Amino acid sequence: MEKHDTRPTIQDVAQIAGVSTATVSRTLQKPELVREKTRIAVQDAVRKTGYRINSAAQNLRRNRAGSVLVIVPDIGNTFFSEILLGIEQIASEAGYTILIGDASKDGSRTEGLMDFLRNGKADGALLLNGYLPDQVISSLPTSDGGNIPVISVCEAVPEANIAHVGIDNKAAAKAAVDHLITQGHQKIAHLSGPESNILTQLRIKGYETAMREAGLGDHISILPGDFSIQSGIDVVAQLFDKPARPTALFCANDEMAMGAAFGLTQAGLKVPDDLSLMGFDDIQFARTFIPPISTIHQPRSEIGKLAMHKLLKILNGEAITQEHSNLEFSLIQRQSVRKIQT
């Protein structure tokens with residue numbers, strides 16, 4: 001491509017993409033309203049030209065900050081990385097920057113972080129920590145469509161009147177336990193997350209449903225964890241205390257499954273020979289761990305993208321329903337689960 005002597009313009013983008021300047025503007029401001037083929041062509045042209053939106057002038061005209069607040073419960077948890085990438089991709093295409101705030105695992109910093117939204121330093125928020133106090137909700141601004149500009153992601157906020165994007169955690173947990181049962185396991189324990197966490201509650205329900213439907217209600221055993229590797233290590237000692245040790249352990253996330261595997265190795269036992277392990281989330285380390293962890297895959301990048309698309313609709317003045325949008329999960333079979341011969 002011939003090199004420009006001046007800063008690339010929207011006309012340059014339109015010419016390469018084969019569309020009008022109005023279509024380029026619409027694609028950059030409201031990508032969800034444009035056909036995928038057109039959106040891809042414009043995005044490709046933007047990359048080729050190096051075109052940049054004058055966000056400061058645009059936000060001044062629209063009386064907006066041009067940023068979106070993303071609240072996570074633990075910024076060091078690798079689970080959130082792909083979600084954040086999905087959010088950032090859609091936000092960037094729409095001319096928004098993202099502000100990432102760590103609310104802490106107990107959500108104690110959530111209200112302070114939401115001041116960014118209340119004070120106009122952010123236009124909307126995506127909550128990944130499942131916590132939004134009633135007093136905060138009542139203080140938030142509403143869009144032209146009547147929605148508060150907040151979407152919950154992965155962890156729904158119980159009884160909050162906001163849209164949500166995630167997966168069906170109860171169904172996913174049931175699928176994980178059903179898989180263990182089809183592999184001949186009957187004594188299946190569950191290492192759960194923190195008691196108050198909505199994901200913990202849904203995954204426990206899925207575990208219990210699968211066990212009862214298989215006639216294994218007498219073998220239900222729930223061990224408390226906190227989603228950390230250490231709680232997976234600690235659970236090994238609890239397994240030894242049981243009169244009849246389980247043959248399989250369903251963990252509410254991959255980090256606890258990996259912790260349990262480490263703890264078993266330290267005790268001189270092997271996975272899956274002495275205990276089969278099933279995780280949840282399919283973080284990157286799960287597939288490279290030894291042995292690789294069988295788990296439930298969450299389409300985290302797609303979850304982030306859809307959540308940001310929904311938030312953009314609110315910011316553009318559209319009224320959206322407060323439904324839960326559940327994306328498809330999948331069961332990933334690896335080497336941490338063995339089949340019991342009957």
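**Helix packing, strand pairing and cysteine environment in the predicted model**

In the predicted model, residues Thr23, Val24, Thr27 and Leu28 of helix α2 meet Thr38, Arg39, Val42 and Val46 of helix α3. Helix α2 spans residues 21-29 and helix α3 spans residues 36-49. The axes of these two helices lie 10 Å apart, and the helices pack at an angle of about 95°. Helix α2 is therefore roughly perpendicular to α3, because angles of 65 to 115 degrees are assigned to that class.

Strand β4, formed by residues 150-153, takes part in two pairings. On one side of the description stands strand β3 (residues 124-127), which runs parallel to β4 and is joined to it by three bridges. Within this pairing, leucine 126 has isoleucine 151 of β4 as its bridge partner. Strand β5, comprising residues 163-166, also pairs with β4 in the parallel sense, again over three bridges. Here valine 153 is placed opposite valine 165 of β5. The side chains of β4 are divided between two directions: Val150 and Ser152 point one way, whereas Ile151 and Val153 point the other way. All four of these residues are buried.

The cysteines were examined next. No disulfide is present in the structure. For cysteine 154, the closest cysteine sulfur belongs to cysteine 251 and lies 19 Å away, which is too far for a bond, because a disulfide requires the two sulfur atoms to be within 2.5 Å. Cysteine 251 is likewise in no disulfide, and the nearest cysteine sulfur to its own is that of cysteine 154. Both residues are nevertheless withdrawn from the surface by the accessibility criterion: cysteine 154 has a relative accessibility of 7% and so counts as buried, and cysteine 251, at 0%, also counts as buried. These assignments follow because the buried class covers relative accessible areas under 20%.

A further buried position is found in helix α6, which covers residues 110-113 and includes threonine 110. The relative accessible area of threonine 110 is 0%, so this residue is buried. Its side chain is joined to that of asparagine 129 by a polar contact of 2.9 Å. When neighbours within four places in sequence are left aside, threonine 110 is in contact with Ile71, Ala103, Asn129 and Tyr131. Asparagine 129 thus appears both among the contacts of threonine 110 and as the partner in the side-chain polar contact.

Key
Residues numbered from 1 in each chain as written. Predicted model: local features only at pLDDT ≥ 70, side-chain atom pairs only at ≥ 80, totals over all residues. Heavy atoms only, no water. Buried < 20%, exposed > 50% of the residue type's maximum accessible area, 1.4 Å probe, protein only. Helix = DSSP H or I, 4+ residues; strand = E, 2+ residues; numbered from the N terminus. Pairing = 2+ DSSP bridges. Polar contact = N/O pair within 3.5 Å; in protein donor to acceptor, adjacent residues only side chain to side chain. Contact = heavy atoms within 4.5 Å. Axes fitted to C-alpha atoms, helices over the stretch in contact; angles between N-to-C directions. Parallel < 35°, antiparallel > 145°, perpendicular 65-115°, else oblique.
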